[in-house]
Amino acid sequence: MDSLDFLLFYASLGSPLFGFSPSISTGLLPNTKYFQSVSMNVDYAAHKLACYLSDDGCSPLTFYSLVEASKFAKLWVQFCKKYNVQVRAPFRYFLGEFMPSDHANSCNEEFQWQWQKMKNEYDQLSRKVDDAAQNLSHCDLTGELAIFSNADSRNHSTIVKVIWENKEDSSDHLPHLVYISREKRSQHNHHYKAGAMNVLTRVSALMTNAPFMLNVDCDMFTNNPQVVRETICLLLGSKRETVCGFVQGPQLFYDGPADQVVISNEYMVKGVAEIQGPPYEGTGCFHRRKVIYGLGPDEVTNLTSEKGKLADEHELVKEFGACQVAASYYEYGTNRGKKFISYPYPNLIHLFQPHGIVDSHGVYSEFSAFLGCAPSDGPAAMIQQKRWATGLLEILFSISNPIFSIGDLQSRRCLAYIWILIWGLRSIPELCYAILPAYCIIYNSNFLPYFCLNCVPVQVEEPGIYIPVALFVIYNLYTLSEYLRLGFRIRSWWINQSMERITTMNAWLFALASFIIKFLGLSETVFEVTQKDQSNSDNNDGTINPEEFTFDKSPVFIPGTTILLVQLAALATALLGLQPEAHRGQGSGLGEFMCSFYLVACFWPIVKGLFRKGKYGIPFSTMCKSAVLAFIFVHLGRSSSNMG
C-alpha cells in the first residue's frame, strides 16, 4: 500500500482578535465538523496517511478547533470502524436521519450506549468551539496559542505545528496531523489558494513525502470510506505515471440543490474528460507527486530521510527548514522555490491543471468521493460565481491559458476550455439581449421578424420569425430532456434556467468589470471568501431551499434589479398605450413582448424580492439605485429615438 498526503485548504479571514467584527468573522470561523471528517476516518492504513491543514488566516481559533477535533477523532474513528459506520462525518451522522434504530447494530445494547456517548462527545466538542469563538478575544494567548499572540492575519511568520504523529506506525491510530500557516508579508504576493497549495506541497514533501497527494477544501467531508483505496488502485493501475497524473472526483454538495451540479458533471465534465482527461477542478483531486513536480522519480527522493514518517524537526530545519519552504520569500529567493511552483500564478480560480501536470492525462472518478458545502444564500452564491468568472478571465488573458501552454491539445478540448473561460464575457451580449426587447417596446420598434398584433387571429407576416423561435424551442427542449433523463423535475430545470440568467447578468458582469479594472492597473483583484455557514440554511436538515433567494446591500444585485424595472416599465408602456407611433408602420410585435415576459419570468426571484422584507427582500437602497438607472435608460432611449 502506498502513502498519501492530504492537503486541506482553509481560507479563514481571521478572528475578532485581529480586528474583524464578530458579525463578519464568526461566519467564517472554522467549523470542527469538517476537520476530522476528510482524512481522519477512511478505510486505509492510518500510518500511511498524513493530513496537512493550511490556515490562510493564521487564526488561533482554527488551531484550537483542530486540536480539539483531533481529540474527538481518536474516539470517533474507533467507533466508525467497530460498527462499520458509512456516514463518517459526525455533523451529518448526528443530524437525525441516522438514529441508532436505523443501524444494523440497533439491537445491540452496547452500540446504543456507544452511540449516545459519541453524540455527547460531539455535542461537547461543538460547545467548546462555540464558546471559544465567543470568548477568544478576551482570553490570554498562552501555552500552545502563545505563538499567535503577536500574529496578524496579513503579516506574520510561518507556523508549522505537529498536532498528532502516528509514532507507532499503527493502522489503528490516527494519521499524522499537521497545522500550517504560511508566512504573510506585505511586500510579497501570496497568490491566494494557489500559493497556499504550493506551500502545502513543499512542506509535505519535507515531512512525509508521500507519492500521492489529495487536495480538498476544509468544508468537504469524505462521502466514501473506501475512496483512498479505490483511487490508489486507479493510479497504480496505469502503465506509465504520465498516463494517469491525477484522479479528479466530481464536486457535489450535501446542502444545496444537486440538480444543476449533477447535470454539469454528467453532460459537460464527463464529456470533456473523454477528450484528453478531465480538467483539474481545484479540490477533490488525487495527484501523483512526481508528476505535479514535473520531475523524474529520482529527483525527489532526497527530500526526506524516511518515507512515510515525519522527519525529525531539527534535521528538517538544518537541512531544508519546514518553516523556510513556507516563507513568503521562498519562491523568489531560492532556485528550488522557483522550480517547484506547481500551481500557476496569478489567478483566483483553480479549474485547470496545475503547472506540473498539464502534459499528463487524468481520470475522472465515477464515485462521489467527497461532498462539499454550498453557498448558504444568494449573496454568497453571487460572490462565488463572481470569483470563478474573474479567475477564468485571468486565465484566458494570461500565460496560464491551457490553450496556449499545451502543444498537443485537441481542437475539441480547446473549444471546451474556451466555453468555460469566456463565462465573464457572456455577460455583455446577454445584457444587450435583455435590454433590447424592452427598448423596442418602449419606442415601438422591432428587432425580430415582424408579428402583426392587429390581425385576429395573429398572423405571421415574415417567415423569418420561424428561425429564432425554432432555435429557442429546440434549445429549451434539449436542456429539459437532460434533466428529465436524470430523473429531475421540470421545476428544477426552470429554477436553474432562471438562476443562469441572474448569475450571468449580475455576478459575471461584475466579474468582467473587476477584471477590466485590474487589467488596466487601476486596482488589484481581491480574493473574496465564500460564506458557507450552515446556520443560514433554510431547512432543519442543513440543506438550502433553492426556491428561496436572499439579498443584501451588495451592488451585485443592482444590474438584475435594473433590468427587471426596465422590463416592467416597457410592459407598462405598452399596456397603457404610451408607445410612440411606429416607424414605417412596423412597431414592436409579439416577439418583443414574449422576450420581455420571458425575462420577467426568469427574474421572478427578484420580482418577489421587490415586495418582501428582511433577507428575502431587496434593500431599499438597491431599489433606489436601480430605479435611477432604469430612468436614465428610458430617458436616454427616448432622446435617441427622437433624434432618429
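Strand S9, residues 285-288, is a good place to start, since both of its faces are covered. Cys285 and His287 lie on one side, Phe286 and Arg288 lie on the other, and all four are buried. That split fits a general habit: in a regular strand the side chains alternate between the two faces of the sheet. The model described here is a predicted one.

S9 has company along its edges too. It pairs with S5 in the antiparallel sense, over four bridges, and in that pairing methionine 213 stands opposite histidine 287. S9 also pairs with strand S7 (residues 246-248), again in the antiparallel sense, this time over three bridges. Here glutamine 248 is the residue that stands opposite cysteine 285.

Another set of strands makes an open sheet. Three strands take part, in the order S6-S11-S8, and the pairing is mixed. Strand S6 (221-222) and strand S8 (252-253) stand at the edges with a single partner strand each, so one side of each has no neighbour in the sheet. S6 and strand S11 (residues 370-372) run in the antiparallel sense and are joined over two bridges. Looking at one residue of that pair, phenylalanine 221 has leucine 371 in S11 as its bridge partner.

Turning to the helices, H15 (residues 411-421) shows a clear division. Its buried residues are Arg413, Cys414, Ala416, Tyr417, Ile420 and Leu421. Seen down the axis of H15, these buried residues fall within an arc of 160°, so they line one face of the helix. Ser411, Arg412 and Leu415, on the other side of H15, are exposed. The general geometry helps in reading this pattern: an α-helix has 3.6 residues a turn, so residues three or four places apart point the same way.

Helix H7 (residues 227-236) holds threonine 231. This threonine 231 is buried, and its relative accessible area is 0%. Phenylalanine 246 comes 15 residues away from threonine 231 in sequence, and the two are 9.4 Å apart in space, C-alpha to C-alpha. A wider gap in sequence is bridged elsewhere: aspartate 169 and lysine 48 are 121 residues apart along the chain, yet 8.1 Å apart in space, C-alpha to C-alpha. Aspartate 169 sits in the loop between strand S3 (159-164) and strand S4 (176-181), and with a relative accessible area of 32% it is partly exposed.

Two loop residues catch the eye for their backbone angles. Most residues other than glycine have a negative phi, and most peptide bonds are trans. Cysteine 58 goes the other way, with phi near 50°, a positive value in a residue other than glycine. Cysteine 58 is found in the loop between strand S2 (49-55) and helix H3 (60-82), and it is buried, with a relative accessible area of 0%. Asparagine 209 also has a positive phi, near 55°. The place of asparagine 209 is the loop between H6 and strand S5 (212-217). At 11% relative accessibility, asparagine 209 counts as buried.

What about the cysteines and their sulfurs? A disulfide is a covalent bond between the sulfur atoms of two cysteines. The count of disulfides in this model comes to zero. Cysteine 595, for instance, is in no disulfide, and the nearest cysteine sulfur, that of cysteine 440, is 9.2 Å away. Cysteine 595 counts as partly exposed, at 27% relative accessibility. Cysteine 432 is likewise partly exposed, at 49% relative accessibility.

Finally, there is the matter of empty space inside the model. Rolling a probe the size of a water molecule over the atoms shows where empty space is left. The structure holds six cavities of 30 Å³ or more, and the largest cavity has a volume of about 110 Å³. This largest cavity is lined by 14 residues, and the closest to its centre are Arg182, Asn189, Ala327, Ser328 and Glu331. Helix H6 (192-207) and helix H11 (330-333) are the elements that give two or more residues to the lining. H6 gives the most, with three residues. By character, the lining of the largest cavity divides into five nonpolar, five polar and four charged residues.

Key:
Residues are numbered from 1 along each chain as its sequence is written. This is a predicted model: local features need pLDDT of at least 70, side-chain atom pairs count only at pLDDT 80 or more; totals for chains, interfaces and linings use all residues. Side-chain values use heavy atoms; hydrogens and water are left out. On a 1 Å grid over the protein atoms alone, a cavity is a set of points where a 1.4 Å probe fits but cannot get out, and a pocket is an open set with protein on both sides within 12 Å along at least five of seven lines; lining residues have an atom within 4 Å of a point. Grid points are joined across faces, edges and corners, and a volume is the space filled by probe spheres set on the points. Ala, Val, Leu, Ile, Met, Phe, Trp, Tyr, Cys and Pro count as nonpolar, Asp, Glu, Lys and Arg as charged, and the others, Gly among them, as polar. Two strands pair if DSSP finds at least two bridges between them. Buried means under 20% relative accessible area, exposed over 50%, partly exposed in between (1.4 Å probe, protein chains only). The arc is that of the directions from the helix axis to the C-beta atoms. A disulfide is a pair of cysteine sulfur atoms within 2.5 Å.
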